[in-house]
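Here's a quick rundown of the pockets and helix packing in this one. Have a look at the structure first, then read on.

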Amino acid sequence: MEGQVHPIDHPLVQHKLTLMRRKDCSTSNFRRLLQEISMLLAYEVTRDMPTTLHPIETPLAAMQAPLLDGKKIVLISILRAGSGILDGMLRILPSARVGHIGLYRDPKTLVAVEYYFKVPDHMTDRDVIVADPMLATGNSAIAAIQRIKNTRPRSLKVVCLLAAPEGIKAFHEHHPEIPIYTAAVDERLNEKGYILPGLGDAGDRLYGTK
Ligand code: URA
């Protein structure tokens with residue numbers, strides 16, 4: 001299906017997101033909540049991952065039991081706020097491989113500029129989940145996905161916390177086949193490219209840099 005958006009409307013996700021949005025949420029609470037919410041997002045985003053049956057022995061009997069199919073999943077963090085999602089997802093997917101993409105938004109043009117790219121080997125056999133908390137203009141995610149597509153992974157998904165309608169539209173103009181999993185779709189962007197009502201700058205709130 002093209003242009004898929006999967007809002008994750010689970011009550012626990014919505015509750016934790018509301019706590020994170022509040023401007024008086026402390027850095028330590030924001031960090032903890034992002035980790036908790038990301039564990040729940042990991043659960044939803046992996047829901048359709050293929051499994052294959054393997055022979056095992058329980059203490060009582062032999063059986064065929066399902067295991068995730070193929071090579072280890074790759075989680076790719078779009079630096080720096082993506083690492084907050086990564087930390088939570090790794091608690092659910094502890095053997096996942098990890099990649100990083102460094103992109104910054106030029107404050108004048110809002111265009112994404114790459115400064116770092118490192119992903120695991122054998123990407124063609126791997127399912128990839130890209131973490132970017134704020135799909136705002138979509139520019140970072142568009143650039144990151146293009147770069148990752150060049151490694152030809154077996155599958156590719158984007159997971160974010162908040163998405164703006166403008167970002168979703170721009171993203172799907174470039175990558176219509178890539179599904180987006182998000183805890184909420186907010187109203188719009190402001191003139192500086194921030195999501196409204198949003199939660200502010202996710203990186204600053206996660207790392208306490210403002
Ligand atoms: N990046 C953020 O951290 N917040 C926004 O609202 C938009 C982009």
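A word on classes before we start: Ala, Val, Leu, Ile, Met, Phe, Trp, Tyr, Cys and Pro count as nonpolar, Asp, Glu, Lys and Arg as charged, and the others, Gly among them, as polar. Keep in mind that this is a predicted model. With that split, the lining of the largest pocket comes out at 16 nonpolar, 8 polar and 5 charged residues.

**Largest pocket**

- What volume does the largest pocket have? It comes to about 600 Å³.
- The lining is made of 29 residues, and R105, D132, M134, S140 and D201 are the closest to the pocket centre.
- Strands and helices both chip in: strand 4 (74–79), strand 5 (97–105), strand 8 (134–135), helix 4 (139–149) and helix 6 (202–207) each give the lining at least two residues.

**Second largest pocket**

- The second largest pocket holds about 310 Å³ of space.
- Its lining counts 18 residues, with L68, K72, I73, I92 and L93 the closest to the centre.
- Sorted by class, the lining of the second largest pocket has 10 nonpolar, 3 polar and 5 charged residues.

**Helix 1 against helix 2**

- For the packing, two numbers do the job: two packed helices are described by the angle between their axes and the distance between the axes.
- Helix 1 (residues 11–21) packs on helix 2 (residues 27–45) at an angle of about 160°, and the axes lie 10 Å apart.
- Angles over 145 degrees count as roughly antiparallel, so helix 1 and helix 2 are roughly antiparallel to each other.
- Their crossing is left-handed.
- On the helix 1 side, the contact uses L12, V13, K16, L17, L19 and M20, while helix 2 brings F30, L33, L34, E36, I37 and L40.
- That contact between helix 1 and helix 2 breaks down into 10 nonpolar and 2 charged residues, with no polar ones.

**Helix 4 against helix 5**

- Helix 4 and helix 5 (residues 165–174) have axes that come within 9 Å and cross at roughly 25°.
- Parallel or antiparallel? Angles under 35 degrees count as roughly parallel, so helix 4 and helix 5 are roughly parallel to each other.
- The crossing of helix 4 with helix 5 is right-handed.
- A141, I142, I145 and K149 of helix 4 meet A170, F171 and H174 of helix 5.
- By class, the residues of this helix 4 and helix 5 contact are 5 nonpolar, 1 polar and 1 charged.

Technical notes
Residues are numbered from 1 along each chain as its sequence is written. This is a predicted model: local features need pLDDT of at least 70, side-chain atom pairs count only at pLDDT 80 or more; totals for chains, interfaces and linings use all residues. Side-chain values use heavy atoms; hydrogens and water are left out. On a 1 Å grid over the protein atoms alone, a cavity is a set of points where a 1.4 Å probe fits but cannot get out, and a pocket is an open set with protein on both sides within 12 Å along at least five of seven lines; lining residues have an atom within 4 Å of a point. Grid points are joined across faces, edges and corners, and a volume is the space filled by probe spheres set on the points. Helices (H or I, at least four residues) and strands (E, at least two) are DSSP runs, numbered from the N terminus. Axes are lines fitted to C-alpha atoms, for helices over the stretch in contact, and angles run from 0 to 180 degrees between N-to-C directions. Angles under 35 degrees count as roughly parallel, over 145 as roughly antiparallel, 65 to 115 as roughly perpendicular and the rest as oblique. A crossing is left-handed if the near helix is turned anticlockwise from the far one by less than a right angle, and right-handed if clockwise. Contact means heavy atoms within 4.5 Å.
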